[in-house]
Structure formats: structure tokens, C-alpha cells
Amino acid sequence: MAVINSIADRTQEMKGWRHLLHQHPESSYEEVWTSDFIAEKLRSFGIELHRGMGRTGIVGVLRGTGSGTAAIGLRADMDALPMQEMNEFAHASKTPGRMHACGHDGHSTMLLGAAQYLAETRNFDGTVYFIFQPAEEGGNGGEAMIKDGLFDQFNMSTVWGMHNWPGMDVGKIGVHNGACMAAADFFEIHITGSGGHAAMPDLAIDPIPCGAAIVQSLQSIVSRRITALEAAVISVTIFDAGSALNVIPGSARLGGTARSFSPKIRKLLEDSIYEIAQSTAKAYDCAVEIDWQLGYPPTVNHANESVRAVAVASDILGHENVITNLPPSMGAEDFSFMLSKKPGSYIWLGAGPAKEGAMLHNDRYDFNDSVLATGASYWARLVESELPNKTGG
Ligand SMILES: [Zn+2]
Ligand SMILES: [Zn+2]
């Protein structure tokens, strides 16, 4: 009941890989150096490689001992964020404007560590697919791999995911039974009025009060149209209009995101935003165009697989350190595409306090190397428990 010793022994090696990945961050679909690095490692472990799925994605195939036909998929994400790193330590990003601020360098490293251990020990019967996906940060990389035949070409019965979680103590794992991350959709609202002199608004059609009214009214959707027992968020994050202090602009642009968990609420948010934007624009004599961008679906864990994830996590950390009553996050995750096709479970790996500099997407974030062995051990034990070696290997 602990981290696997021979995985703990390779912590320094994993740390080296993680720091290299951190120094070479690449954002969605640009993961060329990253996928070369991962492919080279997998090849050196003797793992069969399939490249180019979802552009830069990789699937490694490893067969255990025995003739079992059972197969599972373990997924890590590889992409970094298009932001400037403010850390100054030796392994800080070498690429301006790119940063591993979500810990996908750590995710890839933990799956590599598990792959190396499993290739050496092969104490399982069946096939494990190591899925390294591109473009998790808004680029639908998981969906791209599915469209490229991930589940047609590789016949796995379940899929499993993991994210490091600042805000949860090191030494803890969280497993949701059901929804763990929200659906995330995005919208832009283009308002057209008629520009003119700021001193003579009666001769113009001012889109700014119209936009302000839309922003105000959108806030009533969650508070007045949705039961208090359902979670939803609408945030307007862009309000763009005007260029001069004495000019009424001809147009304005609003944008933002809508988050939800159930299909019913997701549809209600979309319908309500359309209805409010259109009717408000009409009241202000403006024209409106709405661009709705359907984003990631909610990430929903499957019940049976979550029970098994809890058992494996308990085996590594002790039952008392596995948290099963967590509220979901309003963030989103494109592992949701895989979980909507195959049963599986996505866990949160405790990464320490989420204080300044340790929060995901913060410009001073760094993956916590002290959890590398825990995450890799979870992967390895999961394989050994899902694909048991009947010979007792
Ligand atoms: Zn992220
Ligand atoms: Zn992430």
C-alpha cells in the first residue's frame, strides 16, 4: 500500500524529463518537439508507436504477458499555454510567449514513467494504450484523435485520465462519481448601431447602452431562470467598443463563456443568451449577430470505473487519502470527448496549496515534482489491476 518502489527510484530521471518538457513548451497542435521527445522515450522502452493521430498525437502500444485480449487506454495531455512564464529557475521556458502553466509537462512525464516501468515488468495480461494527446487547452485535441480513429484503430474498453490539482494536498487523490468538470461554451455578440457625434446622440444609434443592457440582463439568466440547485455560470469577458472620447461608435462587441453540467441547462443558457441579446438589441434599435461556439462537453466519470479508480488510489495512498465527495469544477477538460465515448474515470492528483504562483494558468506556476512518483504509480497499479496477470507473473 504505497508508491511503487521501483517507480520512486526513477523520480530523478522523471524530474529530468519533466524539466526538459517544461523548457520546451509548445501550444495546441505545435507539439512537434514534445511529441518527438515522447516518441523517442517510448521507442527506447520498446513500446510500439503510432504517430500523427490528431496531428501531433501519439499512441504507444504495450502488450503484457499472456494471451488476454482486454485493453485499456491511459491518456496524458502534452500542450502548453500561449503565455509568458515569469519564473526564473533553470528549467523555465526557453520559448517566449509559451509556458507549461497547466502541468501537462508533468502529466506526460508521469505517463512516460509508468510506461517505462510497465515495459520492464509486464506484470499484466492484455494491452495498454498510452495516449499522448495534443491541444487540450481549447483546441479539441482529444476529439481530433477520436476523429482520426483512436477508438476504431485501438480497441480499448475503458479510458482513464488525470490532472494535477493545486488546492488539494500532496498525498491526496480526488475521484468524482459523476460530473467533475463543466461544459464550456463561448459566445460573441456583435451589436451594430449608427455612429455619430457624442454631443448629438439623438442623431446616432448608440450601441454602448445596448451592450451594457445586454451584459446586465445576461446576469439574470443564472440567478432567475435556473434552479438554485443546478450549477451554471455566465461570464462576459469582452466588451469592446469605441476609439475616441467624442465619438459614438457604430458597433460594439461582447464576448464570454457559459458553463454548465446538464444538457438541459446547457441548452437553456444558449437559448436565453440569444433571446436576451436579440430582444434587448431590438429595444435599443440596434442590430445584433451572435456567434455561438460549442466548446467541451461536461466531463462525467462513469460510476463503476470511478469505484475502481478509488480502489487503485487507495492502494497507493491509503483509503483515508482518497477524497470522493468533491464538488465538481466549473473549468472544462477535453478528456470529456473520450469519456463520452468510452467508460472511464478522470482523477485529480493533489499538488499542494493553490497559493500565488502555484495555481493552474498562473505565470509563476510550476508542476510539483514531488507527486511524479505518485501519479506514475497510480497509472502502473491501474494497469496491473484492470488487466490482471492470471499466471501470477
Ligand atoms: Zn489548463
Ligand atoms: Zn490542464
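Visitor: What covers the buried residues of α7?

Guide: This is a predicted model, in which local features need pLDDT of at least 70 and side-chain atom pairs count only at pLDDT 80 or more, while totals for chains, interfaces and linings use all residues. Residues are numbered from 1 along each chain as its sequence is written, with chains lettered from A and ligands numbered from 1 in the order in which they are written. In helix α7, one of the DSSP runs of H or I with at least four residues (strands are runs of E with at least two, and both are numbered from the N terminus), the buried residues are P207, C210, G211, I214, L218 and V222, where buried means 20 or more other C-beta atoms, placed from the backbone, within 10 Å of the residue's own, exposed 12 or fewer, and partly exposed in between. Counting contacts as C-beta atoms, placed from the backbone, that lie within 7 Å, their cover includes β8 (183-192), β10 (232-241), β12 (251-260) and α8 (263-283).

Visitor: Which strands stand at the edges of the open sheet of eight strands, and why is one side of each left without a neighbour?

Guide: Strands pair if DSSP finds at least two bridges between them, and the sheet, with mixed pairing, has the order β1-β2-β4-β3-β5-β16-β6-β15. Each edge strand has a single partner strand, so one side of it has no neighbour in the sheet, and these strands are β1 (48-53) and β15 (322-323).

Visitor: Within that sheet, how many residues of β16 are buried?

Guide: In a regular strand the side chains alternate between the two faces of the sheet. From β16, G344, Y346, W348 and G350 point one way and S345, I347 and L349 the other way, and all are buried. For β16 (residues 344-350), which is mostly covered, the count is therefore seven of seven.

Visitor: Which residue of β16 is the bridge partner of G174?

Guide: Strand β6 (residues 173-175) is joined to β16 by three bridges, and the two run antiparallel, whereas the seven bridges between β5 and β16 join strands that run parallel. The partner of G174 in β16 is W348.

Visitor: Is K172 buried or exposed, and which residues is it in contact with, leaving aside neighbours within four places in sequence?

Guide: K172 is found in the loop between β5 (158-165) and β6, and because 21 other C-beta atoms lie within 10 Å, K172 is buried. Its C-alpha atom is separated by 9.9 Å from that of I316, 144 residues apart along the chain. Beyond those neighbours, the contacts of K172 are L317, N321, I323 and G350.

Note on methods
Two residues are in contact if their C-beta atoms, placed from the backbone, lie within 7 Å.
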